[in-house]
Amino acid sequence: MACPALPTCGLALAESERMLPDLLVRIEGLLAELGLQNEEIIVRSTGCPNGCARPYMAEIGFVGKAPNKYQIYLGGNESSTRLNRLFKENVQNAAIIDELRPVLSRYAKERNAGERFGDWCERVLWKEAPAAAN
């Protein structure tokens with residue numbers, strides 16, 4: 001899910017709706033590379049911090065910070081009852097996959113049977129080093 005962002009919304013700081021399809025293709029390629037192609041991961045994106053597309057509850061959320069720069073949030077849940085947490089700031093669109101690769105690789109190796117990505121983030125990533133992720 002993505003908000004319209006640029007050029008429609010005057011509040012947008014970055015692309016969202018127009019950048020997300022290509023980013024999803026890249027994320028799907030990474031998931032296939034890691035053997036996670038059959039896993040459903042909720043991804044949402046907005047062009048500004050207002051969060052119209054609810055990126056703060058997604059398993060992976062992107063929030064536009066400046067032209068072509070995004071904050072990455074990880075750890076929301078399927079029912080959208082848990083907020084995710086800031087993972088990385090000011091990430092260039094082209095570098096997003098490089099930032100996600102180590103985390104998704106760990107998820108592929110360390111997850112419990114049937115465990116969703118957001119639940120794994122909450123159980124492992126945020127419990128072991130909540131302040132060290134940035």
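# Sheet and helix packing

Reader: How many bridges join S2 to S3?
Author: This is a predicted model: local features need pLDDT of at least 70, side-chain atom pairs count only at pLDDT 80 or more, and totals for chains, interfaces and linings use all residues. Residues are numbered from 1 along each chain as its sequence is written, and side-chain values use heavy atoms, leaving out hydrogens and water. Strands (E, at least two residues) and helices (H or I, at least four) are DSSP runs numbered from the N terminus, and two strands pair if DSSP finds at least two bridges between them. S2 and S3 run antiparallel, and the number of bridges that join them is six.

Reader: Which residue takes a positive phi in the hairpin of S2 and S3?
Author: Within the paired strands, Gly64 stands opposite Tyr70 in S3. The hairpin has two residues between the strands, and the residue with a positive phi, near 65°, is Asn68.

Reader: In what order do the four strands lie in the sheet?
Author: The sheet is open and its pairing is mixed. Strands S1 (43–46) and S4 (85–92) pair on one side only, as edge strands. The twist averages 20° from one strand to the next. The order is S1-S2-S3-S4.

Reader: What is the bridge partner of Arg44 in S2?
Author: S1 and S2 (residues 60–66) run parallel, with four bridges between them. Thr46 stands opposite Val63 in S2. For Arg44, the partner in S2 is Gly61.

Reader: What angle does H3 make with S4?
Author: Helix H3 (residues 117–128) packs on the sheet and touches S2, S3 (69–74) and S4. Contact means heavy atoms within 4.5 Å. Angles run from 0 to 180 degrees between N-to-C directions, with axes fitted to C-alpha atoms (for helices, over the stretch in contact). Between the directions of H3 and S4 the angle is about 100°.

Reader: How many residues in the contact of H2 with H3 are charged?
Author: The axes of H2 (residues 96–110) and H3 come within 11 Å and cross at roughly 105°, so H2 is roughly perpendicular to H3 (65 to 115 degrees). Residues in this contact include Val103 and Glu110 of H2, and Trp120 and Arg123 of H3. Nonpolar means Ala, Val, Leu, Ile, Met, Phe, Trp, Tyr, Cys or Pro, charged means Asp, Glu, Lys or Arg, and the others, Gly among them, are polar. The contact has seven nonpolar residues and no polar ones, and the number charged is four.

Terms used
Angles under 35 degrees count as roughly parallel, over 145 as roughly antiparallel, 65 to 115 as roughly perpendicular and the rest as oblique.
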